[in-house]
Amino acid sequence: MAEGIRYLKKEERKKALALWSQAFFEDSEEFKAYYFTEKIRENRILVKEEDGEIISMIHLNPYKIRLGEKNCLLDYIVGVATDKEKRRQGHMRDLLGRVVQDGYREGKPFCFLMPADKAIYEPFGFRFIFRQPQWEKKSLEEENGLRMVSGAASEEQNFEELSSFMENWMSCRFQVYGIRDQAYTANLVKELASEDGIITRTYQNDVLTGLEAVWGREEKEQRFLYLPKEWVREAGPPKPAIMARILNLKTFLELFALKEGEMDPAEILLNVNDPLIPENTGMWRWMLTPHGSRAEHAPACTDAKKAPCPCSPSQLIGWLMGDKETVSSGFEKGFYPSWRSRIQGFTQIYLDEIV
């Protein structure tokens, strides 16, 4: 049987609908219509075919992501699926291997996804970087200048008001988040509308101060809740939500800098082993100042006593993007890089994308 891996051409992307419907049968017809009209305009779909039929697929949806002082276009991996008759035969492994190799060649620092099961992705170097807070709104009475306005998500929304509020909300609180421009907001509203979404604006003295959205055709559930801290309470512990994987190690490392106040530049030697991306493997010299950093391959260290302990992409992304499990483990029973305390990592992350 003839097999092949390729990206679908733009005019072919709707061919992926059949496998999507089989794998994600719980999705409504309205949501699928939205996805296969709106999202496939800009995404890429990598497929594995057998005799011309799609047997496995991965969707790469582009998102503008704020990373500290930089903006990057990153791939959010969704629609990971294999035909039910072809599962457990290594097809998804082949596709994920291609995705990370392509991401490396494109110079992307990392990709991210929301896993159905973390055990599927951990062997590929993915590590949790975001745990979704569980918030619920306190009872807010329409007094003290408060006014709540609710309405169905629709094309009539004031995208400028919504995007301006959300972008300000995110930028004041987080280092890493999806940029809320008007294009993002217009797409979000369409996404909500596909599942009968409702958006509630809360104004205080006629100033937009909070946003809430719920969606769901059978039963409404929270899609997002952006309210002042004093107006919400925890509904439960944060839930593991988003995993990420380093793609181009040089590009990734150069996102970071020393913390403000660190006067002396740092030169750090890293010994990296990346089984999926050989170009990331080897010794790296990482030079940092409070204003940025530069990373380059370094000659192999022949003195075993001076060579740094080997580390993996999953450990690096865990250390530098604030994964509590990675940091608390200290890496391999007690080793924790002394340089980590000097680096301004990404500890304030909010990636609440669903699709």
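**Exercise 1. The contact of α2 with α6**

Task: In this predicted model, determine which residues of α2 meet which residues of α6, and how the two helices are oriented.

Solution.
1. On the α2 side, the contact is made by Glu30, Phe31, Tyr34 and Glu38. Their partners in α6 are Asn187, Lys190, Glu191 and Ser194.
2. By class, the residues of this contact divide into 2 nonpolar, 2 polar and 4 charged.
3. Two packed helices are described by the angle between their axes and the distance between the axes.
4. For α2 (residues 29–38) and α6 (residues 182–194), the angle is about 155° and the axes are 8 Å apart.
5. Angles over 145 degrees count as roughly antiparallel. Helix α2 is therefore roughly antiparallel to α6.

**Exercise 2. The contact of α5 with α6**

Task: Establish how α5 is oriented relative to α6, and state the classes of the residues in their contact.

Solution.
1. The axes of α5 and α6 come within 9 Å and cross at roughly 110°.
2. Angles of 65 to 115 degrees count as roughly perpendicular. Helix α5 is accordingly roughly perpendicular to α6.
3. Phe159, Glu160, Leu162, Ser163 and Met166 are the α5 residues of the contact. In α6 they meet Gln182, Thr185, Ala186, Leu188 and Val189.
4. The contact of α5 with α6 comprises 6 nonpolar, 3 polar and 1 charged residues.

**Exercise 3. The surroundings of methionine 166**

Task: Locate methionine 166, decide whether it is buried or exposed, and list its contacts beyond four places in sequence.

Solution.
1. Methionine 166 belongs to helix α5, which spans residues 159–171.
2. Its relative accessibility is 1%. Because buried means under 20%, methionine 166 counts as buried.
3. With neighbours within four places in sequence left aside, methionine 166 is in contact with Arg180, Thr185, Leu188, Leu211 and Tyr226.
4. Thr185 and Leu188 are also among the α6 residues in the contact with α5.
5. Glutamate 218 lies 52 residues from methionine 166 in sequence, and the C-alpha to C-alpha distance between them is 27 Å.

**Exercise 4. Salt bridges**

Task: State how many salt bridges the structure holds, then describe the pairs of arginine 41, lysine 250 and glutamate 296.

Solution.
1. The structure holds 30 salt bridges.
2. Arginine 41 meets glutamate 38 through their side chains, at 3.3 Å from N to O. Arginine 41 counts as partly exposed at 45% relative accessibility, whereas glutamate 38 is buried at 17%. Glutamate 38 also takes part in the contact of α2 with α6.
3. Lysine 250 is bridged to glutamate 254, with 2.8 Å between the closest N and O atoms. Lysine 250 is partly exposed, at 35% relative accessibility.
4. Glutamate 296 pairs with arginine 285, the closest N and O atoms being 3.4 Å apart. This pair links distant parts of the chain, 11 residues apart: glutamate 296 is in strand β16 (residues 292–297) and arginine 285 in strand β15 (residues 282–289). Glutamate 296 counts as partly exposed at 29% relative accessibility, and arginine 285 counts as partly exposed at 24%.
5. A network of salt bridges links Arg44, Asp75, Glu106 and Lys108.

**Exercise 5. The loop position of serine 312**

Task: Place serine 312 in the structure, classify it as buried or exposed, and identify the side chain joined to it by a polar contact.

Solution.
1. Serine 312 lies in the loop between β17 (310–311) and α8 (313–320).
2. At 19% relative accessibility, serine 312 falls under the 20% cut-off and therefore counts as buried.
3. The side chain of serine 312 is joined to that of serine 314 by a polar contact of 3.0 Å.

Definitions and conventions
Residues are numbered from 1 along each chain as its sequence is written. This is a predicted model: local features need pLDDT of at least 70, side-chain atom pairs count only at pLDDT 80 or more; totals for chains, interfaces and linings use all residues. Side-chain values use heavy atoms; hydrogens and water are left out. Helices (H or I, at least four residues) and strands (E, at least two) are DSSP runs, numbered from the N terminus. Buried means under 20% relative accessible area, exposed over 50%, partly exposed in between (1.4 Å probe, protein chains only). A polar contact is a pair of N or O atoms within 3.5 Å; within protein, one must be able to donate a hydrogen and the other to accept it, and residues adjacent in sequence count only if both atoms are side-chain atoms. Contact means heavy atoms within 4.5 Å. Axes are lines fitted to C-alpha atoms, for helices over the stretch in contact, and angles run from 0 to 180 degrees between N-to-C directions. Angles under 35 degrees count as roughly parallel, over 145 as roughly antiparallel, 65 to 115 as roughly perpendicular and the rest as oblique. Ala, Val, Leu, Ile, Met, Phe, Trp, Tyr, Cys and Pro count as nonpolar, Asp, Glu, Lys and Arg as charged, and the others, Gly among them, as polar. A salt bridge is a side-chain nitrogen of Lys or Arg within 4 Å of a carboxyl oxygen of Asp or Glu.
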